[in-house]
Each structure stands twice: as C-alpha cells, then as structure tokens.
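Q: Take a close look at one part of this model for me, then work outward from there. I'd like one connected walk, with the cut-offs spelled out as you go.

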Amino acid sequence: MSSVSLLGLGAMGAALARTWVSAGHALTVWNRTPGRADIEGAKVAESPHEAVAAGRLVVVCLLDDDSVGAALDGVALTGKDLVNLTTTTPAQARARAAWAEERGARYLDGGIMAVPPMIGVPEAGGYVFYSGSRELFELHRDALAVPVDTKYVGEDPGFAALHDVALLSGMYGMFAGAAHAFALIRREDIDPVAFAPLLADWLAAMAPGVHGTAAQLKSGDYTTGVVSNLAMQVAGTPTFLATAEGQGVSAELIRPYFELMRRRLDVGSGEEDLTGVVDLLLR
C-alpha cells in the first residue's frame with residue numbers, strides 16, 4: 001500500500017482519510033485546526049511541511065484555492081505528486097497546475113462528485129473527476145480509487161473542475177424547475193408528497209434528451225430528430241406564464257429560459273430543437 005499525505009480534514013477530508021486508513025494505506029494528515037486531526041490510525045503532522053515530506057503522494061482537500069496557496073507556501077514540493085481535491089474554477093486549477101510545476105511537482109486536479117456519507121460506499125455511486133497528467137493519474141489510480149470511484153477527463157488540468165461545475169449547474173437548473181413546479185401547486189389542495197413521484201418520474205423521463213442535444217451540438221444540425229420544434233414550444237410559453245400569474249407564482253425561474261427560446265426563434269429556424277439556446281449563452 002502506498003503512503004498518502006492528506007492536507008485538510010473537514011467533513012470531506014476526514015471521510016477520505018478514514019477510507020485510506022481502513023484500506024491499509026500509511027496516512028499522514030495535517031489540518032489547520034489541530035483538534036480535527038484525530039483520525040485513528042493516521043499520523044498527525046505538525047505542519048504542512050512535515051505532512052508533505054512524509055510521502056510522494058500529497059492530496060489537498062481544503063476550503064478554496066487561496067487556502068491551498070497559503071498551506072503550501074514555502075513548502076518543498078520538488079519530486080512530489082500533488083493531487084488537489086479542493087473545489088476551484090477551471091482557471092484556478094490551470095494556474096495551480098503551473099504553480100506546482102514551477103516548484104518541481106507533478107499535478108492532478110480533482111472534482112468530487114459526492115458528499116461525505118458517500119465516501120467509502122461504492123454502491124452510493126459517487127466518483128471524482130481527475131484531470132492533468134495522465135501518467136500521474138495511472139500511477140496513483142489504485143490509491144485514488146480507494147475512497148470513491150475515479151473518472152479521468154483529460155490532460156487539461158481545468159477539465160475536472162469544469163466537469164464538476166457543469167454537472168452541478170445542470171443540477172441547480174433542475175432544482176429551479178422543481179421549485180417552480182412545487183410553487184404552482186403550493187396553495188392548492190394537492191399533497192406535495194403525492195406530487196413528488198410524478199415530478200421525479202417526469203424529470204427522469206426527460207433526462208435522456210441531453211443525448212440528442214449533444215448529438216446536435218456535435219453535428220451542427222439542430223433540426224434532426226426534432227419532436228417538438230422551437231416554434232411550437234415558443235408558442236406555448238404564454239400558457240406557462242399565465243398559469244404562474246394565475247397561481248400567484250413568480251415566473252423568475254422560468255422566464256429567462258423562455259426569453260432565450262424566443263430570441264433563438266428570432267435568429268434561427270422554427271424547425272430547430274431547443275439546442276440553439278446553448279449558442280445564445282456563449283459570449
């Protein structure tokens with residue numbers, strides 16, 4: 001079992017630490033708040049310097065990119081393999097990769113698609129996106145896969161963060177739609193608990209539509225395989241807005257998307273799918 005040095009023992013870091021210890025890895029941990037560094041079976045380092053010196057594989061799971069810079073400021077990184085699981089932007093990940101390389105370290109960025117209770121529970125379905133050095137990923141793949149499954153997404157260090165944020169953005173868009181749906185029934189004699197399975201099943205049935213969108217974006221043809229074209233869908237949006245008005249519900253969550261649909265209709269073809277909205281979002 002390879003040794004692992006872990007900086008950061010928040011909820012996620014502590015969960016990662018326990019799984020590595022349980023799997024038999026020699027683990028050295030450091031945390032800014034010493035009281036949180038009590039991980040049974042792990043060696044507690046007094047400083048980031050000591051933690052990094054303990055082994056080749058150094059995993060960082062801190063609050064933000066500034067925290068990473070502060071923790072590793074002045075620490076000798078030459079010959080180290082730095083894996084950054086801190087949530088950052090793609091630009092920050094790329095800059096941190098260059099920063100690490102300047103200090104003699106190889107760099108791998110990660111985006112964790114799980115919450116702490118999912119760590120160490122394979123059936124929970126969590127995973128981590130990794131991007132950066134493919135060689136580095138393959139070298140430490142077994143150790144990195146101990147807490148949660150791995151998905152390598154490319155040599156560009158920013159791709160893990162980009163995949164992370166893109167998926168979570170889709171999630172929040174779904175939550176926004178669900179919030180609007182619940183608001184519409186909120187004042188009626190409709191049990192939200194009874195309504196929820198209908199909503200969940202409907203969203204699940206619509207989810208495969210992303211494959212069609214992806215295919216159209218790749219081909220550049222937004223009219224292939226269209227079931228409900230843009231013109232027809234735009235014509236139907238007043239009904240949704242009128243219903244919201246009638247129910248005393250703000251349309252602020254759905255109106256912006258409807259406005260984008262209408263803008264696309266103005267510059268595109270009514271025979272298209274909704275895919276053209278993606279292009280309108282590009283600056």
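A: Let's start with His180, which is buried, at a relative accessible area of 7% (buried means under 20% relative accessible area, exposed over 50%, partly exposed in between, using a 1.4 Å probe and protein chains only). Keep in mind that the model is predicted, so to speak of a local feature takes pLDDT of at least 70 and side-chain atom pairs count only at pLDDT 80 or more, while totals for chains, interfaces and linings use all residues. Residues are numbered from 1 along each chain as its sequence is written, and side-chain values use heavy atoms, with hydrogens and water left out.

His180 belongs to helix 6, residues 159–185 (helices are DSSP runs of H or I with at least four residues, strands are runs of E with at least two, and both are numbered from the N terminus). Setting aside residues up to four places away in sequence, His180 touches Ala244, Val249, Ser250, Ala251, Leu253 and Ile254, where contact means heavy atoms within 4.5 Å. Glu252 sits in the loop between helix 9 and helix 10 and is exposed, with a relative accessible area of 62%. Back toward helix 6, Glu252 and Ala176 are 76 residues apart in sequence but 9.8 Å apart in space, C-alpha to C-alpha.

Helix 6 is also where the pockets come in. The largest pocket holds about 2300 Å³ of space. Here's how pockets are found: on a 1 Å grid over the protein atoms alone, a cavity is a set of points where a 1.4 Å probe fits but cannot get out, a pocket is an open set with protein on both sides within 12 Å along at least five of seven lines, and lining residues have an atom within 4 Å of a point. Grid points are joined across faces, edges and corners, and a volume is the space filled by probe spheres set on the points.

The largest pocket has 45 lining residues, with Gly173, Leu203, Met206, Tyr257 and Leu274 nearest its centre. Helix 6 gives the most to that lining, 11 residues, and helix 7 (192–206), helix 8 (209–219), helix 9 (230–246), helix 10 (255–267) and helix 11 (276–280) each supply at least two as well. By type, the lining splits into 30 nonpolar, 14 polar and 1 charged (Ala, Val, Leu, Ile, Met, Phe, Trp, Tyr, Cys and Pro count as nonpolar, Asp, Glu, Lys and Arg as charged, and the others, Gly among them, as polar).

The second largest pocket comes in at about 650 Å³. Among its 28 lining residues, Met12, Cys61, Leu62, Leu85 and Thr87 are closest to the centre. Helix 6 turns up here too, giving the most to the lining with 6 residues, and helix 1 (11–22) and strand 6 (106–113) each supply at least two. This lining divides into 16 nonpolar, 9 polar and 3 charged.

Leu85 leads on to the largest nonpolar core: its 31 residues include Leu6, Leu27, Val59, Val83, Leu85 and Tyr130, the ones with the most contacts inside it. A nonpolar core is a set of buried Ala, Val, Leu, Ile, Met, Phe, Trp, Tyr and Cys residues joined through side-chain atoms within 4.5 Å. Among the elements giving two or more residues to the largest core are strand 1, strand 7 (127–132) and helix 5 (134–144), and helix 1 gives the most, with 6. Leu27 touches Val4, Leu6, Ala17, Trp20, Val21, Ala42 and Lys43, again leaving out residues up to four places away. Apart from this core lies another of 19 residues, among them Val58, Val68, Leu72 and Val75.

Val68 and Leu72 are two of the buried residues of helix 3 (65–72), alongside Asp65, Ser67 and Ala71. Seen down the helix axis, the buried residues fall within an arc of 155°, so they line one face of helix 3; the arc is that of the directions from the helix axis to the C-beta atoms. They pack against strand 1 (4–7), strand 2 (27–30), helix 2 (48–53), strand 4 (57–60), strand 5 (81–84) and helix 4 (90–102). After helix 3 comes Gly74, with a positive phi near 80°.

Zooming out, the chain has 11 helices and 8 strands, and buried residues make up 41% of its 283 residues.
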